[in-house]
Amino acid sequence: MINLHKISDFIKNNTINDTINNAFSIYFYEGISPQNGELLRLPRTPIAEAIAKGLMQQLANNNDYSIEGKMYGILLVELPNGQQMVLKAFSGLLNGCHIIDGWVPPIPGRDRVALAEAYTLSELETIKQELINLKNLPEWQQHETLASEFEEQLKLMRDRHHNCQQQRQEKRQLLCQTLTDETLNLALEQLDRESQQNGIERRKLKRQQHEKLQPIKDIIETATARIRELKQRRKNLSKQLQTQMYAAYSITNFTGQSRSLQELMPNGLMPTGTGDCCAPKLLHYAAINNLKPLTMAEFWWGNSSINLDKIQGEFYGACTERCQPLMGFLLSGLPQKHFLETSKNQQKSAISVTENLPIIYEDRWLIAVNKPSGLLSVPGRYQDRQDSILTRLRHLLPDGMAIIPVHRLDLETSGIMLLARSLPIYRELSHQFQHKLVKKVYEAILFGNVVNDFGEIDLPLWGNPENRPYQQVNVERGKPSLTHFQVIKRDRNFTRIEFMPLTGRTHQIRVHAVDRRGLGIPILGDRLYGCLAPASRLHLHARELSFEHPQLGKNLKLEIKTPF
């Protein structure tokens, strides 16, 4: 079978046995069996990661592979004769191809809709080009320029007319004091005519504005309507193609059952690419070829995603939208005894980790912890991002399931995080945060020299939904965001600084630091916002938190030493 590879193709022979003996599971691909409701699991173990790293090295050394970022995966399988071999897969297309020798082929079904796919893709490309042409129409810029020019003319005219009006009022007062009878009436009529002339001038300019802008506006409105029509057409075509493909795609599990994607997810909206990811391709191929999966690993290789949600060389679990809903079916029929024993060992290890969670304050009503950098505040979307302050506390404390985070810290930010032990306490603390009654002090190191010793940064922040979690300053769409700062120390190319945020927007301090309208200097270690200096972590720490205890009524000040 040309798609099977030896383990030694990826890792050295003298390290294979040591790696195999370390059977600890780093992560589990898991799902609920649709047949009996059983929890089914397939681990990612050190040997899977070692094989995957060997594949990374091959990708790095082979210039034939595109630098386009994508997911890759390996699956260690056992043949009927007991021999262990490796399968490898890529998500979607690789260098524009679905099928490449040595790689697991796509799930069957695409060939049945090949003609429909080619036609739809051609239609979508035509729509794309027309949308580009419509968005590049010169009338957009012409309208913006002319409208701006007329607005400036109207403003100047309004100012001039306002001054003339004041002068006429002063003249009326003077005339009434110095003239009488017919002479006064004639003088006042002259002032009225001047006022009328100003009105005529205003209406004339507005008429000119309408005559110039309306034809351009008509073109823009027609273009806007066409853009809406094309986008709806694009949406309908994509949905139609997806429906055809998901009805044709058929995956098989280890009981020998085959189902179309449409049958497996009849009530859900399937994102584009469902069935083209590595995990379904690897497990389907193993099932139809009587290969027993032992361990699997998926990783990202190539250019990192724009928002650094996927970084080259990092391991990731089954994606929530595309793969996770299929796992229960795909793993059906796979023996679970060994995997369940490994899971118990892993749970014991996890409990020992929660015991060492740094709790800095605790009473009947609330709890505060010193969150380390690199640990999530709350569980993430993916199965391999479940470890967090919240999940650890829920395992550690008897009332853990009642605990509610009052606020959150970024993954790479360390420091004080506050959690409530009941819903009423959560509401009272949230009220203090929302009404700026909580004093927060962060300490950071910036990669550069801050000019001012202290000040405030008032820049509205907006998160583009198409580029999460990246935040940016946006005057029109952004939410008000205010941060005070105080320089602590300057040292060569670094500035140690205190930040006191009055609002609590996502990435507020990080954006206020890096944006040129703020300090214009990134926080050391902030890769998301362009800090190029080498650093072991994001140098941002929530050092102090002061608030009124919602039950005791006294002011509570928490402080933890900055670790950098």
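Is R203 buried or exposed? In this predicted model, R203 counts as exposed, because its relative accessibility is 51% and the exposed class begins over 50%. You will find R203 in helix α5, which covers residues 181-248. R203 also has company: together with R202, K204, K206 and R207, it gathers in a patch of positive charge on the surface.

Let's turn from charge to rings. Searching the whole structure gives six aromatic pairs. One of them joins Y72 and W103, whose ring centres are 5.9 Å apart and whose planes meet at 50°, a tilted arrangement. Y72 belongs to strand β3 (residues 70-78), while W103 sits in the loop between β4 (84-90) and α3 (114-135), so this pair ties together parts that are 31 residues apart in sequence. Y72 is buried, with 1% relative accessible area, and W103 counts as buried too, at 2%.

A further tilted pair is formed by F447 and F494, with 5.7 Å from centre to centre and 50° between the planes. Here F447 is in the loop between β13 (439-446) and β14 (454-458) and F494 is in strand β18 (residues 494-501), so the pair ties together parts 47 residues apart in sequence. F447 is partly exposed at 34%, and F494 is partly exposed at 32%. Going back to Y72 and W103, you can see them again in one aromatic cluster with F90, F299 and F315.

Now for the salt bridges. Side chains of opposite charge can pair when their charged atoms come close. The count for this model comes to 19 salt bridges. Take E443 and R543, whose closest N and O atoms are 2.8 Å apart. This pair links distant parts of the chain, since E443 is in strand β13 and R543 is in strand β19 (residues 540-548), 100 residues apart. Both E443 and R543 are buried.

Another bridge runs between D515 and R517, with 3.0 Å between the closest N and O atoms. D515 is buried, at 14% relative accessible area, whereas R517 is partly exposed, at 42%.

Finally, look at K557 and E544, which meet in a salt bridge of 3.9 Å, N to O. K557 lies in strand β20 (residues 555-559) and E544 in strand β19, 13 residues apart. K557 counts as exposed at 52%, but E544 counts as buried at 10%. Through shared partners, salt bridges join E443, R496, E498, R543, E544 and K557 into one network.

Note on methods. Residues numbered from 1 in each chain as written. Predicted model: local features only at pLDDT ≥ 70, side-chain atom pairs only at ≥ 80, totals over all residues. Heavy atoms only, no water. Patch = residues over 30% accessible without salt bridge, like charges linked within 9 Å, V, L, I, M, F, W, Y side chains within 5 Å. Areas by Shrake-Rupley, 256 points an atom, 1.4 Å probe, with all protein chains shown as cover. Salt bridge = Lys/Arg side-chain N within 4 Å of Asp/Glu carboxyl O. Lys, Arg positive; Asp, Glu negative; His and termini not counted. Charge placed at Lys NZ, Arg CZ, Asp CG, Glu CD. Helix = DSSP H or I, 4+ residues; strand = E, 2+ residues; numbered from the N terminus. Buried < 20%, exposed > 50% of the residue type's maximum accessible area, 1.4 Å probe, protein only. Phe/Tyr/Trp six-rings, centres within 6.5 Å; stacked < 30°, edge-to-face > 60°.
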